[in-house]
Amino acid sequence: TVFDTLQDRLAATFKTLRGKGRLSDADIDATCREIRIALLEADVALAVVKDFVAAVKERARGAELSGALNPAQQVIKIVNDELIGILGGETRVLRFAKRPPTVIMLAGLQGSGKTTLAGKLALWLKEQGHSPLLVAADLQRPNAVTQLQVVGQRAGVHVFAPEPGNGVGDPIRVARDSVSEAQHKLYDVVIVDTAGRLGVDSELMQQAADIRDAVNPDEVLFVVDAMIGQDAVNTARAFAAGVGYDGVVLTKLDGDARGGAALSIARVTGRPIMFASNGEQLKDFDVFHPDRMASRILGMGDMLTLIEQAEKTFDAEQSAKAAAKLTGQGGEFGLNDFLQQMQMVRKMGPLSKIFGMLPGMGEMKEQIAGIDEKEVDRIEAIIYSMTPTERDNPKIIDGSRRARIARGSGVEVSEVNSLVNRFFEARKMMMSMASRKMPGMPGLPGM
Ligand code: GDP
């Protein structure tokens, strides 16, 4: 992600603190210097870095030696708190109008990901039971309307666009009409996609301001590409002055450019980051949680996001059955259960993405990137070559059965051996986890 380098540098900094009984002022100074360099290298705005480091230093020096945390953990906790602070503190949720429709207006530069975001937001709202209407008020780019229609189709959401010959070229009128359309047809949220330019210009700002005045939005969201570096901060300021907005949406967080500038936006503009986009697919989108982002940057993983995602994807009934088996109720946990768990994990997205969210995995990034999705295909193939009895009771899989399974799935016998061994190990681990009442995380084969 755009925060990789920052993550690596901070992890290295904290590593040097590990094992220290107490921190001298010199230790704290050295750590703060490292943090400063890490943030600046990540492209966080200078003024934000200065305040940040000063706050960390002051708190670290004054830190009570609490029994619960060692000094390294104390520093990490302070940095975590301060990061949450610059990211806006509390999670800011969307405000809905008392009387529908709620009007959400999107503003931002061309290419920032507005149109894509409109689709993501619409799908997300739809999944929560709302009936959103997408509005094509970007009449600048010739194919912008078509693009929104494509996005709307993918999200399964209606798109309001000017009729040919009626209001074409007048985005303000289209925006205004869309609100009455929503009232008549009972759409409860209107998402207005506006035109962007490649750079900030006054005509663009005027148009956005006119649309704002015409539709009186409940939320104006400023959409910004996290990969554009310090320009993100400058653009955020320009839009704040020109149109004004209630919240920020960061896009392209999956990119590989330094995204630290995005971390400065909330602090610099005083507006919360409300959503984050991290991919080209409509589902690559989520509410922005400052606390989760902070712990992710600190390499603690984003357990909450993972658990939430797991909840969304997981078949509750199936999981409950598997969990019961693991705690010794409801029969033996067999290879079919194993396969089902694996397939559910897989549905959550590419394995590398899932592992990136697990705590402590920050340092294992190389190996994670190397996890081969094809390996999972092979495991599936091997299990599919087994009989139902073998899957339910893997203990019976002896030498001759292994040879048959290997032949059936087109792999070497050694691979069947390794799968069966890994299954037994994984089952043991999952059973001990289940008995300790760990949160319902799925078991992962041999990883
Ligand atoms: P607009 O001009 O502001 O409407 O921007 P678009 O929605 O057309 O997006 C511009 C480009 O960025 C398109 O190619 C999108 O597929 C891509 N894009 C949008 N959001 C993301 C994201 O979160 N991650 C990545 N990798 N690409 C994105």
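Where does UniProt place the feature "domain: SRP54-type proteins GTP-binding"? The unreviewed UniProt entry puts that feature at residues 272-285. Keep in mind that what you're looking at is a predicted model. If you trace residues 272-285, you'll find that the chain there is 0% helix and 43% strand. The end C-alpha atoms of this stretch sit 16 Å apart.

Now let's walk in from the start of the chain. Helix α1 covers residues 4-15, and its axis comes within 9 Å of the axis of α2, crossing at roughly 175 degrees. Angles over 145 degrees count as roughly antiparallel, so α1 and α2 are roughly antiparallel to each other. On the α1 side, the residues that do the meeting are T5, L6, R9, L10 and T13, and their partners in α2 are T31, E34, I35, A38 and E41. Sorted by class, this contact of α1 with α2 is a mix of four nonpolar, three polar and three charged residues.

Move on past α2, which spans 25-41, and you reach the loop between α2 and α3, where D43 has its place. D43 is worth a pause: its phi is near 85 degrees, a positive value in a residue other than glycine.

Next up is another helix pair. Helix α3 (residues 46-62) and helix α4 (residues 71-86) pack at an angle of about 145 degrees, and their axes are 10 Å apart. The crossing of these two, α3 and α4, is right-handed. Look for V48, F52, A55, V56, R59 and A60 in α3, which meet V75, I78, V79, E82 and I86 in α4. What classes of residue make up the contact of α3 with α4? There are nine nonpolar and two charged residues in it, and no polar ones.

After α4 comes a loop that leads to strand β1 (102-107), and P101 lies in that loop. Have a look at the backbone here: the peptide bond from P100 to P101 is cis, with omega near 0 degrees.

A little further along, you can turn to the ligand. How many residues surround the ligand? The count is 18, and the closest are G113, K114, T115, T116 and S277. Helix α5, running over residues 114-127, gives the most to this shell, with three residues. As for the kinds of residue in the shell around the ligand, 13 are polar, five are charged and none is nonpolar.

One more helix pair rounds off the tour. Helix α9 takes in residues 230-242 and helix α10 residues 260-269; their axes come within 8 Å and cross at roughly 30 degrees. Since angles under 35 degrees count as roughly parallel, α9 and α10 are therefore roughly parallel to each other. Their crossing, that of α9 and α10, is right-handed. In α9, the residues to pick out are Q230, A232, V233, A236, R237 and A240, and they meet A261, A262, S264, I265, V268 and T269 in α10. The contact of α9 with α10 has eight nonpolar residues, along with three polar and one charged.

Methods. Residues are numbered from 1 along each chain as its sequence is written. This is a predicted model: local features need pLDDT of at least 70, side-chain atom pairs count only at pLDDT 80 or more; totals for chains, interfaces and linings use all residues. Axes are lines fitted to C-alpha atoms, for helices over the stretch in contact, and angles run from 0 to 180 degrees between N-to-C directions. Helices (H or I, at least four residues) and strands (E, at least two) are DSSP runs, numbered from the N terminus. Angles under 35 degrees count as roughly parallel, over 145 as roughly antiparallel, 65 to 115 as roughly perpendicular and the rest as oblique. A crossing is left-handed if the near helix is turned anticlockwise from the far one by less than a right angle, and right-handed if clockwise. Two residues are in contact if their C-beta atoms, placed from the backbone, lie within 7 Å. Ala, Val, Leu, Ile, Met, Phe, Trp, Tyr, Cys and Pro count as nonpolar, Asp, Glu, Lys and Arg as charged, and the others, Gly among them, as polar. A residue is near a molecule or strand if its C-beta atom, placed from the backbone, lies within 6 Å of it. UniProt positions are given in the numbering used here, feature names are shortened, and annotations may be inferred rather than shown by experiment.
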